[in-house]
Amino acid sequence: MSLSFFKDPYGKNTEELKKVFPEEIWLHGEILPDLEKLRDAAAEAGFLLRIESGFRSFEKQLSIWNRKANGELPLLNERGTLFEEAPLNEKELMYRILLWSALPGASRHHFGTEIDVSDAKAIPENYEVQL
């Protein structure tokens with residue numbers, strides 16, 4: 001595997017991205033063979049692997065971070081439930097965000113090599129997956 005896609009950690013080097021179907025998610029082309037193996041193994045185990053998220057630009061990651069910091073998106077604890085109390089300071093707020101979201105510029109989503117997946121068979125119709 002070439003490390004050429006690590007040239008730009010901020011999601012500006014997008015020429016290696018390929019659209020994956022049926023989800024229409026952009027991923028780095030070099031991970032596609034392994035993704036197909038993962039889908040096949042999941043299917044053999046009774047799961048329908050669905051990609052929920054792939055490539056994410058620096059700007060998109062920054063937007064997620066800022067919306068969490070500003071209270072527009074929920075902050076979840078290690079159990080995936082809302083924190084019961086407000087963070088005491090900015091440092092605690094940062095650590096809470098980092099439980100589920102990478103720091104902009106440090107996310108592997110910027111390369112198109114990180115994916116968030118779900119089992120499509122286990123998701124009720126019209127349910128929107130929360131990332």
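What follows is a short chat about the pocket, core and salt bridges of a predicted model.

Visitor: What kind of model is this, and how are residues numbered?
Guide: It is a predicted model, where local features need pLDDT of at least 70, side-chain atom pairs count only at pLDDT 80 or more, and totals for chains, interfaces and linings use all residues. Residues are numbered from 1 along each chain as its sequence is written, and side-chain values use heavy atoms, with hydrogens and water left out.

Visitor: How much space is in the largest pocket?
Guide: About 780 Å³. A pocket here is an open set of points on a 1 Å grid over the protein atoms alone, where a 1.4 Å probe fits, with protein on both sides within 12 Å along at least five of seven lines. The volume is the space filled by probe spheres set on the points, which are joined across faces, edges and corners.

Visitor: Which residues are closest to its centre?
Guide: Arg56, Lys68, Trp100, Ser101 and Leu131, out of 28 that line the pocket. Lining means having an atom within 4 Å of a point.

Visitor: Which element gives the largest share of that lining?
Guide: Helix 2, with five residues. Helices are DSSP runs (H or I, at least four residues) and strands likewise (E, at least two), numbered from the N terminus.

Visitor: How does the lining divide by residue type?
Guide: Into 11 nonpolar, eight polar and nine charged. Asp, Glu, Lys and Arg count as charged; Ala, Val, Leu, Ile, Met, Phe, Trp, Tyr, Cys and Pro as nonpolar; the others, Gly among them, as polar.

Visitor: New topic. How many salt bridges?
Guide: Seven. The rule is a side-chain nitrogen of Lys or Arg within 4 Å of a carboxyl oxygen of Asp or Glu.

Visitor: What does Asp116 pair with?
Guide: Arg56, with the closest N and O atoms 3.5 Å apart. The pair links distant parts of the chain, 60 residues apart: Asp116 is in strand 4, and Arg56 is in the loop between strand 3 and helix 2.

Visitor: Is Arg56 buried or exposed?
Guide: Buried, at 10% relative accessibility. Asp116 is partly exposed, at 23%. Buried means under 20% relative accessible area, exposed over 50%, partly exposed in between (1.4 Å probe, protein chains only).

Visitor: What about Arg96 and Glu92?
Guide: Their side chains meet in a salt bridge, 2.6 Å from N to O. They sit four residues apart in helix 3, so about one helical turn separates them. Arg96 is buried at 5%, while Glu92 is partly exposed at 23%.
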